[in-house]
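Biologist: I have a new model on my screen and would like to learn how its labels are earned. Could you walk me through it?

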Amino acid sequence: MYKIEATKTLKEVMGNYFIGMKDKTKKYAWCTSVGPAELLRSFGFEVHFPENHGALLGTSRTAGDYIPESAKLGYSNDICSYLTADIGSYLKKETPLTKHYGLEGPPRPDIIVYNTNQCREVQDWFKFFGKELNVPVYGICPPRHLDEVTQEQIDDVAIQFKNLIPLCEQVSGIKFDIDRFRETLKLSKVATDLWKEVLWTARATPSPISFFDATIHMGPIVVLRGTQTAVDYYKLLFAEMKTNVENGIGFLDEERSRIYWDGMPIWGKLRPISELFLNNKAAVVASTYCNSWVFDAFDERHPFESSAKAYTEIFINRSETAKEKILSNLVHDFRIDGIIFHDAKTCANNSNSRFGMPQRLRESLGIPTLEIEGDLCDLRFYSEGQSITKMETFIEQIESTKMAC
Ligand code: SF4
């Protein structure tokens, strides 16, 4: 059975990251997953990512216990289930971090920073905790849904990054050091380049890494970017992936079809969905989600401008036209036979099937597409039997389309 050997190291790396949060002498920043982690790290903050905690609540299938707690405060079941699960977990004073790492909960923040490049939900989520914990909150609000990112927009966001400095200085007690910021950004750039190389090995047939593997191995690029630990981990993972490609070893011996996954993972059902594809020799080799932590623009010579560009030009912050172009290129580069769009009930921002994109891509690319309804954390929105049937039928459809060509 195919196994990624680096997984052992991954567990250690992630374990050390979480266990390190027991240290109450450190200062902690909470940050959105595509927020300015490098700038915060340059002030010596350890960084906690509430979305990562949300994903943990999803994979551990405990989100369902906590979402109703948020509803009691008036948070709708229809909004981001990371938000509702995370706030609910806080209210109930329970977290899977206790069982796995012996933590009482996420570390208490000294500062909370969000970037609405991904959605406005993070603003409400982070402000809730700012008020609840009496902690300063800073928001970066870039222009949204862009075709192209202009210099004027980059300059605007770069100023917002710079305006965060006085608050960071005040909370950390450390003077801003541009060399330290440059060094952190450089580490982030090396790690994100390696992460991209890892993901891009999936262009090979057989592919050494699936979308489902990547959702696990993306941990360090989310929570540890800007550190040497992340760089070292992705060097190790990339070396293994490269060797496997050279030796013709992949997670499937025979790939009958190659599939692109658009949208969020269904965290609580990763394993059964992965097995469904493996059993049908369908290789899910690329995704919008895992690519979200590829930041080509980072450049330590221009730390503010390049951070502003990298974090503003992310896929989720682009127009339908730009997204279609990006998806079309990926379909070509990864030799994709079909696209699955996961329509996540509680995240419109990461669901790209609602405005006709599947139809348009079917026509322009000539490959089948499928839409499945589900959610990142709230499994009440995922009908397993119906979705399995839809995905199996879709795989058969792809195979017959390929045979007919
Ligand atoms: S992008 Fe979606 S899943 Fe992520 S925080 Fe925003 S609403 Fe939640």
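Modeller: Happily! Domain bounds come from an automatic or database domain assignment. For this chain, a predicted model, that assignment gives domain 1 (27-178) and domain 2 (181-404).

Biologist: What makes you say that domain 1 and domain 2 are in contact?

Modeller: Two residues are in contact if their C-beta atoms lie within 7 Å. By that rule, 43 residues of domain 1 are in contact with 37 residues of domain 2, so the two domains do touch. On the domain 1 side, α2, α3, α4, α5 and α8 each supply at least two residues. That side divides into 22 nonpolar, 13 polar and 8 charged residues.

Biologist: Which domains does the shell around the ligand draw on?

Modeller: Domain 1 and domain 2 each give at least three residues to the shell. Among the surrounding residues are Glu51, Cys80, Tyr82, Cys347 and Asn349. Helices α5 (81-92) and α7 (121-133) each provide at least two.

Biologist: How do you know which class Cys80 and Glu51 of that shell belong to?

Modeller: Cys counts as nonpolar and Glu as charged, so Cys80 falls among the 7 nonpolar residues and Glu51 among the 2 charged ones.

Biologist: Why is strand β6 called mostly covered?

Modeller: A residue is buried if 20 or more other C-beta atoms lie within 10 Å of its own. In β6 (residues 282-287), 6 of 6 residues are buried, so the strand earns that description.

Biologist: What makes β5 and β6 a pair?

Modeller: Pairing takes at least two bridges. There are 5 between these parallel strands, so they pair.

Note on methods: Residues numbered from 1 in each chain as written. Predicted model: local features only at pLDDT ≥ 70, side-chain atom pairs only at ≥ 80, totals over all residues. Buried ≥ 20, exposed ≤ 12 C-beta atoms within 10 Å, placed from the backbone. Helix = DSSP H or I, 4+ residues; strand = E, 2+ residues; numbered from the N terminus. Near = placed C-beta within 6 Å.
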